[in-house]
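Visitor: I'm new here and would like to know how the labels on a structure are earned. Could you walk me through it?

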Amino acid sequence: MQLSVDPAAATPPYEQIRAQIAERARSGELPTGLRLPTVRALAEELGLAAGTVARAYRELETDGVVETHGRRGTLIAATGDTAHRLAAAAAADYADRASRLGLSRADALAAVDTALRLALPEA
């Protein structure tokens, strides 16, 4: 698995690693069940501190992109169901908060639309 990190980029190295692995997992380039390099091995390969790679792996696990299985290592997760489940939970949390804030349905949807346009620009 070839990853690259640009130390001069505005994006922190852990986020560069996280984004590359997440995108490759979503595209299928990294298939479900693929074992990722150990934190130490990837850190050494990229010339980074182990903590940087560990943070990227933790964020990927939080996002449901990878699963950590002790001695079996860190594996690419079956992201389809996990991604939808996490998105549904986040949407439910948002709907609850919007309700507590007294927003109308239209105002709550407008806020989501604005946030999505900023986070997910059209390709």
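Visitor: Which residue forms a salt bridge with aspartate 113, and how far apart are the closest N and O atoms?

Guide: Before anything else, keep in mind that this is a predicted model. The partner of aspartate 113 is arginine 117, and their closest N and O atoms are 2.7 Å apart.

Visitor: What makes that pair a salt bridge?

Guide: The rule asks for a side-chain nitrogen of Lys or Arg within 4 Å of a carboxyl oxygen of Asp or Glu. An arginine and an aspartate at 2.7 Å fit that, so the name applies. By this rule there are 7 salt bridges.

Visitor: Why are aspartate 113 and arginine 117 about one helical turn apart?

Guide: Because they sit 4 residues apart in helix α5. An α-helix has 3.6 residues a turn, so residues three or four places apart point the same way.

Visitor: Why is arginine 117 called exposed, and what is aspartate 113 called?

Guide: Exposed means over 50% relative accessible area. Arginine 117 has 53%, so it earns the word. Aspartate 113 has 38%, which lies between 20% and 50%, so it is partly exposed.

Visitor: How do you know that arginine 100 has a salt bridge with aspartate 96?

Guide: Their closest N and O atoms are 2.4 Å apart, and the limit is 4 Å, so they count. Both lie in helix α4, 4 residues apart, about one turn of the helix. Arginine 100, at 60% relative accessibility, is exposed, while aspartate 96, at 41%, is partly exposed.

Visitor: What about arginine 26 and glutamate 23: how far apart are their closest N and O atoms?

Guide: They are 3.7 Å apart. The cut-off is 4 Å, so this pair is a salt bridge too. The two residues are 3 places apart in helix α1, again about one turn. Arginine 26 is exposed at 56%, and glutamate 23 is partly exposed at 43%.

Visitor: Is arginine 18 buried or exposed, and how do you know?

Guide: Buried means under 20%. Arginine 18 has a relative accessible area of 16%, so it is buried. Its place is in helix α1, residues 13-27. Leaving aside neighbours within four places in sequence, arginine 18 is in contact with Ala56, Glu59, Leu60 and Asp63.

Visitor: What makes the link between the side chains of arginine 18 and glutamate 15 a polar contact?

Guide: The distance is 2.6 Å, and the limit for such N or O pairs is 3.5 Å, so it passes on distance. Glu15, Arg18 and Asp63 are also linked in a network of salt bridges.

Visitor: Why do the buried residues of α2 line one face of the helix?

Guide: Those residues are Leu42, Ala43 and Leu46. Seen down the axis of α2, they fall within an arc of 100°, so they line one face. The cover over them includes α1 and α3. On the face turned away from the buried side are the exposed residues Arg40 and Glu44. Just after α2, glycine 47 takes a positive phi of about 70°.

Visitor: Which residues form the nonpolar patch on the surface?

Guide: Tyr94, Leu101, Leu103, Val112, Leu116 and Leu120, with about 530 Å² of accessible area together. Helices α4 and α5 each supply at least two of the patch's residues.

Visitor: How does leucine 116 meet the patch's accessibility cut-off?

Guide: Patch residues need over 30% relative accessible area. Leucine 116, in helix α5, has 42%, so it clears that mark and is partly exposed.

How values were computed
Residues numbered from 1 in each chain as written. Predicted model: local features only at pLDDT ≥ 70, side-chain atom pairs only at ≥ 80, totals over all residues. Heavy atoms only, no water. Patch = residues over 30% accessible without salt bridge, like charges linked within 9 Å, V, L, I, M, F, W, Y side chains within 5 Å. Areas by Shrake-Rupley, 256 points an atom, 1.4 Å probe, with all protein chains shown as cover. Buried < 20%, exposed > 50% of the residue type's maximum accessible area, 1.4 Å probe, protein only. Polar contact = N/O pair within 3.5 Å; in protein donor to acceptor, adjacent residues only side chain to side chain. Contact = heavy atoms within 4.5 Å. Arc of directions from axis to C-beta.
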